[in-house]
Amino acid sequence: MKNTEVMRVSKHNTSFKVDKDNELMKFLMEKMPQNSRNNIKSLLTQRRVMVDDVIVSQYNAPLKEGQIVSITKTKITKHKLEGVSIVYEDNDILVVEKERGILSVATQNEREKTAYNILKNYLKEKNPKDKIFVVHRLDRDTSGVMIFAKSEKAQDILQTTWNDSVKERTYVALVEGNVKKDSDTIISYLAENKAMITYSTANEEEGKKAVSHYKVLKRNKNYSLLEVNIETGRKNQIRVHMQDLGHSVVGDKKYGSTKNPIKRLGLHAHTIVFKHPITKEVLSFTSKIPEAFLSLFK
């Protein structure tokens, strides 16, 4: 079969097999000559392109021989609620973007305005039998992408296999000062004191191992924008590691920040790539970097 032929067509997508190493945009232009470059860019922007069942939006993403590139027929749209936006939903999971200022789950002081409660009410309006289950959490003042389960089975699989299921978890951190190293890895053991403040220690018996990899996206003399990939998901891990680095997260007074030009915590859950607990497909979701973060570098 020639490489210009459609390899398979289903109800939901049209797919092509990669016959040689290539870049995604170039490959799609070759396979879909009837589409303009702008049309193909729109497909990528609308998150309608998948490589081996993983949503890819980068036009220059590398392709390897044998991979399958699929185009979904329907645009993945957000369902907007107060405080959260649903970016993906099926029978087993919900993937949402949480706004800053919204708790993930209830506390003694706040029970109503939480991502959990908002989504619980949303599901019950559709079907009174539907339930929602917590998989992981984001701090109140951290925005970005997170996962909820719609069954105890999905929740249990995700939580018990978290380190294997989650392929990538990346944050964007706006920090104080000019971070000199373009990239580095921070490793420490995190513990919590009686005041509920997390701190780093070199004593592996005192704390739990935490590993954060960062690279600088933008910098000026006053601030740096970092992409931080965490191997471990310890409480306040990035906030403590940035303090250890000597460049506290903007607006994070608890962990050493003295500046807050954007009137919020400078931390955003940017990307999560994980294996679906039931279908075992690898899913990838990216939330845009907040404009307030970028505004300091214009």
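Strands, labelled E, are DSSP runs of at least two residues, and they are numbered from the N terminus. The exercises below concern a predicted model.

**Exercise 1. Locate Ile-68 and decide whether Ile-68 is buried or exposed.**

Step one is the assignment to an element: Ile-68 lies in strand E7, which covers residues 68–72. Step two is the accessibility, which for Ile-68 is 16% in relative terms. Since buried means under 20% relative accessible area, Ile-68 counts as buried. As a last step, consider Asp-52, which is 16 residues from Ile-68 in sequence, while the two C-alpha atoms are 5.1 Å apart in space.

**Exercise 2. Find which residue forms a salt bridge with Lys-64, and state where the two partners lie.**

A search of the whole structure finds ten salt bridges. In one of them Lys-64 is paired with Asp-21, with 4.0 Å between the closest N and O atoms. The partners come from distant parts of the chain, 43 residues apart: Lys-64 is in the loop between strand E6 (62–63) and E7, whereas Asp-21 is in the loop between strand E2 (13–17) and strand E3 (22–23).

**Exercise 3. Describe the salt bridge between Lys-150 and Glu-89, and state which network includes these residues.**

Begin with the distance: the closest N and O atoms of Lys-150 and Glu-89 are 2.9 Å apart. Lys-150 lies in the loop between strand E12 (143–149) and helix H4 (152–160), and Glu-89 lies in strand E9 (residues 84–89), so the pair ties together parts that are 61 residues apart in sequence. Next, take the accessibilities: Lys-150 is buried, with a relative accessible area of 15%, whereas Glu-89 counts as partly exposed at 25%. Finally, Glu-89 and Lys-150 are linked with Lys-126 in a network of salt bridges.

**Exercise 4. Work out where the partners of the salt bridge between Lys-235 and Glu-192 lie, and whether they are buried or exposed.**

The side chains of Lys-235 and Glu-192 meet at an N to O distance of 2.7 Å. This pair, too, links distant parts of the chain, 43 residues apart, with Lys-235 in the loop between strand E17 (223–230) and helix H6 (237–245) and Glu-192 in strand E14 (residues 183–192). The relative accessibility of Lys-235 is 45%, which counts as partly exposed, and Glu-192, at 36%, is partly exposed as well.

**Exercise 5. Arg-169 has no salt bridge; identify the nearest side chain of opposite charge and the polar contacts that the side chain of Arg-169 makes.**

Arg-169 is found in strand E13 (residues 166–176). Although Arg-169 is buried, the nearest side chain of opposite charge, that of Asp-139, is 8.7 Å away. A salt bridge requires a side-chain nitrogen of Lys or Arg within 4 Å of a carboxyl oxygen of Asp or Glu. Polar contacts are nevertheless present: the side chain of Arg-169 contacts the side chain of His-136 at 3.2 Å and the side chain of Tyr-171 at 3.1 Å.

**Exercise 6. Determine which backbone oxygen lies 2.8 Å from a polar side-chain atom of Ser-104.**

Ser-104 is found in the loop between strand E10 (93–98) and helix H3 (115–126). With a relative accessible area of 4%, Ser-104 is buried. The backbone oxygen in question belongs to Leu-138.

Key:
Residues numbered from 1 in each chain as written. Predicted model: local features only at pLDDT ≥ 70, side-chain atom pairs only at ≥ 80, totals over all residues. Heavy atoms only, no water. Helix = DSSP H or I, 4+ residues; strand = E, 2+ residues; numbered from the N terminus. Buried < 20%, exposed > 50% of the residue type's maximum accessible area, 1.4 Å probe, protein only. Lys, Arg positive; Asp, Glu negative; His and termini not counted. Polar contact = N/O pair within 3.5 Å; in protein donor to acceptor, adjacent residues only side chain to side chain.
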